[in-house]
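Grab a pencil and let's work through a protein chain together. Each exercise sets a task, and the solution then takes it step by step.

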Amino acid sequence: MAKLPIHIWPDPVLSTRADEVKVFDDALRTMVGDMFETMADARGIGLAANQVGILQRVLIVDLDPENDAAGDPELAEQLKEWGYEKPMVLINAEITSSHGKITWEEGCLSVPGVTEKVDRAESVTVKACDEFGKPFTLEAHGLFAVCIQHELDHLNGRVFVEYLSKLKRDLIKRRMIKAKAEHTVNETQTVSI
Ligand code: NI
């Protein structure tokens, strides 16, 4: 496995719609492995392929990157309530229904150091394929649902700051461009998807 560079907004690859995966081969599975390594290294809980410069409809989720639930029954119960069981890959994912509303303070590995409140559906039903092309359906709630919606936005060329006011968005954009130019992109933050 190899760690991949994470693209920082407003990189154009983050504003481009990713293509459907048609071939489920070893190259795809290697890429998924690389994405998991990249996400773990960056301490993220979700990652979409275009964040590492690959325009394919692949997203991964790991809501418990430090394996804390093993020694924390409350966290284990929370993850279960959200419908989350284990790290997973969703390929060609589509939301088939969504319900309710939840506001979450979101962060993003492609917009380091920034968190902002975003409204999302509280629950989503998703159909997707695994890395072998096997289809499955899942129901996600809470942070699990937020994470899937955030990553699907990425694959559709949308970053969470685009939900903010133009003023806020432009301020963040300037900060990112400046940080990139100065090579001072802040890579330490808690929850980033
Ligand atoms: Ni993100």
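First, a term you'll need: a salt bridge is a side-chain nitrogen of Lys or Arg within 4 Å of a carboxyl oxygen of Asp or Glu. Keep in mind that this is a predicted model, where local features need pLDDT of at least 70, side-chain atom pairs count only at pLDDT 80 or more, and totals for chains, interfaces and linings use all residues. Residues are numbered from 1 along each chain as its sequence is written, and side-chain values use heavy atoms, with hydrogens and water left out.

**Exercise 1. Describe the salt bridge of Glu66 and say where its two residues sit.**

Step 1. Find the partner: Glu66 pairs with Arg43, and their closest N and O atoms are 3.3 Å apart.

Step 2. Place both residues, using helices (H or I, at least four residues) and strands (E, at least two) as DSSP runs numbered from the N terminus. Glu66 is in the loop between S2 and helix H2 (73-81), while Arg43 is in the loop between H1 and S1. The two are 23 residues apart, so this pair links distant parts of the chain.

Step 3. Check the exposure of Glu66. Buried means under 20% relative accessible area, exposed over 50%, and partly exposed in between (1.4 Å probe, protein chains only). With 47%, Glu66 is partly exposed.

**Exercise 2. Work out which parts of the chain the salt bridge of Arg120 and Glu106 ties together.**

Step 1. Get the distance: the side chains of Arg120 and Glu106 meet at 2.7 Å, N to O.

Step 2. Locate the ends. Arg120 belongs to strand S5 (residues 115-120) and Glu106 to strand S4 (residues 102-107), so the pair ties together parts that are 14 residues apart in sequence.

Step 3. Look at the burial: Arg120 and Glu106 are both buried.

**Exercise 3. Describe the salt bridge of Lys166 and Asp170, then find the network that joins Glu106, Arg120 and Asp153.**

Step 1. Lys166 and Asp170 have their closest N and O atoms 2.7 Å apart.

Step 2. Both residues are in helix H4 (residues 166-182), and being 4 residues apart there, they are separated by about one helical turn.

Step 3. Compare the accessibility values: Lys166 counts as exposed at 54%, whereas Asp170 is partly exposed at 24%.

Step 4. Now the network: Glu106, Arg120 and Asp153 are joined into one by salt bridges that share partners. The whole structure holds 10 salt bridges.

**Exercise 4. Give the strand order of the open sheet and explain why one side of S1 and of S7 lacks a neighbour.**

Step 1. Write down the order. The sheet has 5 strands, S1-S2-S3-S6-S7, with antiparallel pairing (two strands pair if DSSP finds at least two bridges between them).

Step 2. Look at the edges. Strand S1 (46-48) and strand S7 (135-141) each have a single partner strand, so one side of each is left without a neighbour in the sheet.

Step 3. Add the twist, which averages 40° from one strand to the next. Axes here are lines fitted to C-alpha atoms, for helices over the stretch in contact, and angles run from 0 to 180 degrees between N-to-C directions.

Step 4. Bring in the helix. Helix H1 (residues 26-41) packs on the sheet and touches S1, strand S2 (58-61) and strand S3 (88-99), where contact means heavy atoms within 4.5 Å. The direction of H1 makes about 40° with that of S2.

Step 5. Zoom in on S6 and S7. Strand S6 (residues 123-129) runs antiparallel to S7, and 7 bridges join them. Thr125 has Glu139 as its bridge partner, and Val124 stands opposite Ala140. The hairpin has 5 residues between these strands, and Gly133 takes a positive phi near 90° in it.

**Exercise 5. Sum up the overall build of the protein chain.**

Step 1. Count the elements: there are 4 helices and 7 strands. From the N terminus on, they run α-β-β-α-β-β-β-β-β-α-α.

Step 2. Test the compactness. The radius of gyration (taken over C-alpha atoms) is 16 Å, close to the 16 Å from the globule rule (2.2 Å times the number of residues to the power 0.38) for 193 residues, so the chain is as compact as a globular protein of that length.

Step 3. Finish with burial: buried residues make up 47% of the 193 residues.
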